[in-house]
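User: Please walk me through this model, one feature at a time. Give me the general idea, then the case at hand.

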Amino acid sequence: MKKKRHPFSGAFRILSTLLLTGLVLFCLPLTLPRLFGYHIYSVISGSMEPAIPVGSLLYIEETGPEELQEGEVIAFYGARDSAAIITHRVLENRVVMGELITKGDANQQADMNPIPYGNVIGRVTRAIPKAGKAAELFTSREGKLLAAALIGAAVLLQLLAALLENKSNEFK
């Protein structure tokens with residue numbers, strides 16, 4: 001004997017699957033690269049425009065500072081004990097002194113202070129314009145609540161689908 005399906009149960013299951021799949025696909029570019037040693041940041045200032053616009057998502061590969069070449073874009077801590085991360089272009093790598101001279105593309109002059117090797121995070125390998133704003137959404141408190149709500153909605157839709165299928169089979 002074949003189970004009878006309620007007309008909405010299939011739609012609820014499909015919608016639930018689409019919600020979860022969308023959430024996973026959105027989160028993959030924010031989590032998967034970290035497994036391969038990349039750091040991910042979003043750009044909040046225009047010092048590298050137009051090459052890297054505000055709101056871009058950056059993938060940073062850990063790199064030995066002595067390997068960095070003139071012209072490469074790097075990420076570094078603004079100060080040794082600072083959480084501020086700056087993304088600028090290398091003008092000069094002073095290997096003997098263990099420091100870099102950097103400059104933002106939109107800035108008129110090189111940065112005032114050389115960047116000690118200990119402040120370097122790594123080389124920018126990819127910049128995705130506008131994706132940083134979306135990443136900020138999901139890493140914020142509100143974004144985490146939204147993600148939890150989407151998961152909750154998907155679970156609720158699955159439960160509704162099961163409930164409708166059980167009700168349909170009771171009246172058979």
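**Strands, helices and contacts**

Analyst: Start with one bridge: Glu99 is partnered by Pro116 of strand 6. Keep in mind that the model is predicted.

User: Which residue of strand 6 is the bridge partner of Leu100?

Analyst: Ile115 is the bridge partner of Leu100. In total, strand 5 and strand 6 (residues 115-116) are joined by 2 bridges, and they run antiparallel.

User: How many bridges join strand 4 to strand 5?

Analyst: The general idea comes before the count. Strands of a sheet pair through backbone hydrogen bonds, in a parallel or an antiparallel way. Here, strand 4 (residues 85-94) and strand 5 are antiparallel, with 5 bridges between them. Within strand 5, Lys103 stands opposite Arg89. The two strands form a hairpin with 4 residues between them, where Gly98 has a positive phi near 65°.

User: What is the strand order of the open sheet?

Analyst: The order is 1-2-7-3-4-5-6, over 7 strands with antiparallel pairing. Strand 1 (38-42) and strand 6 are the edge strands, each pairing on one side only.

User: How do I read the two faces of a strand?

Analyst: In a regular strand, side chains alternate between the two faces of the sheet. Now take strand 5. One side carries Glu99, Ile101 and Lys103, the other Leu100 and Thr102, and all are buried. Both faces are therefore covered.

User: How many residues of strand 5 (residues 99-103) are buried?

Analyst: 5 of the 5 are buried, so strand 5 is largely enclosed by the rest of the structure.

User: Take a residue in another strand. Is Ile121 buried or exposed?

Analyst: Ile121 sits in strand 7 (residues 120-128). Its relative accessible area is 7%. The cut-off for buried is under 20%, so Ile121 counts as buried.

User: What does Ile121 touch, leaving out residues up to four places away in sequence?

Analyst: The contacts of Ile121 include His39, Tyr41, Ile60, Glu61 and Glu62. Thr63, Ala75, Phe76, Tyr77 and Ile85 are also among them. For a distance in space, look at Leu57: its C-alpha lies 16 Å from that of Ile121, at 64 residues along the chain.

User: On to the helices. Which strands does helix 1 lie across?

Analyst: Helix 1 lies across strand 1 and strand 2 (57-62), at about 145° to strand 1. Helix 2 lies across strand 1, strand 2 and strand 7, at about 85° to strand 2.

User: At what angle do helix 1 and helix 2 pack?

Analyst: Two packed helices are described by the angle between their axes and the distance between those axes. Helix 1 and helix 2 have an angle of about 105°, and their axes are 11 Å apart. That makes the two helices roughly perpendicular. At their contact, Leu23, Phe26 and Leu30 of helix 1 meet Ala134, Ala135 and Phe138 of helix 2.

User: Which residues of helix 2 (residues 131-139) are buried?

Analyst: Gly132, Ala135 and Phe138 are buried. They span an arc of only 125° around the axis, so they lie on the same side of helix 2. The general idea: an α-helix has 3.6 residues a turn, so residues three or four places apart point the same way.

User: What is the relative accessibility of Ala135?

Analyst: Ala135 is at 9%, which counts as buried. Leaving out residues up to four places away in sequence, Ala135 touches Phe26, Leu30 and Leu57. Phe76, 59 residues away in sequence, is 20 Å from Ala135, C-alpha to C-alpha.

User: How do I read an aromatic pair?

Analyst: Use the distance of the ring centres and the angle of the planes. The structure has 1 such pair. Phe8 and Phe12 are 6.2 Å apart, centre to centre, with 20° between the planes. Planes under 30 degrees apart count as stacked, so this pair is stacked. Both residues are in helix 1 (residues 7-35), 4 residues apart, about one turn of the helix.

User: Is Phe8 buried or exposed?

Analyst: Phe8 is exposed, at 52% relative accessibility. Phe12 is partly exposed, at 22%.

User: What about Ser9: buried or exposed?

Analyst: Ser9, also in helix 1, is buried, with a relative accessible area of 0%. Ser9 touches Ala161, Leu164 and Glu165, not counting residues up to four places away in sequence. Asn107 is 98 residues from Ser9 in sequence and 58 Å away in space, C-alpha to C-alpha.

Note on methods:
Residues numbered from 1 in each chain as written. Predicted model: local features only at pLDDT ≥ 70, side-chain atom pairs only at ≥ 80, totals over all residues. Heavy atoms only, no water. Buried < 20%, exposed > 50% of the residue type's maximum accessible area, 1.4 Å probe, protein only. Arc of directions from axis to C-beta. Phe/Tyr/Trp six-rings, centres within 6.5 Å; stacked < 30°, edge-to-face > 60°. Pairing = 2+ DSSP bridges. Contact = heavy atoms within 4.5 Å. Axes fitted to C-alpha atoms, helices over the stretch in contact; angles between N-to-C directions. Parallel < 35°, antiparallel > 145°, perpendicular 65-115°, else oblique.
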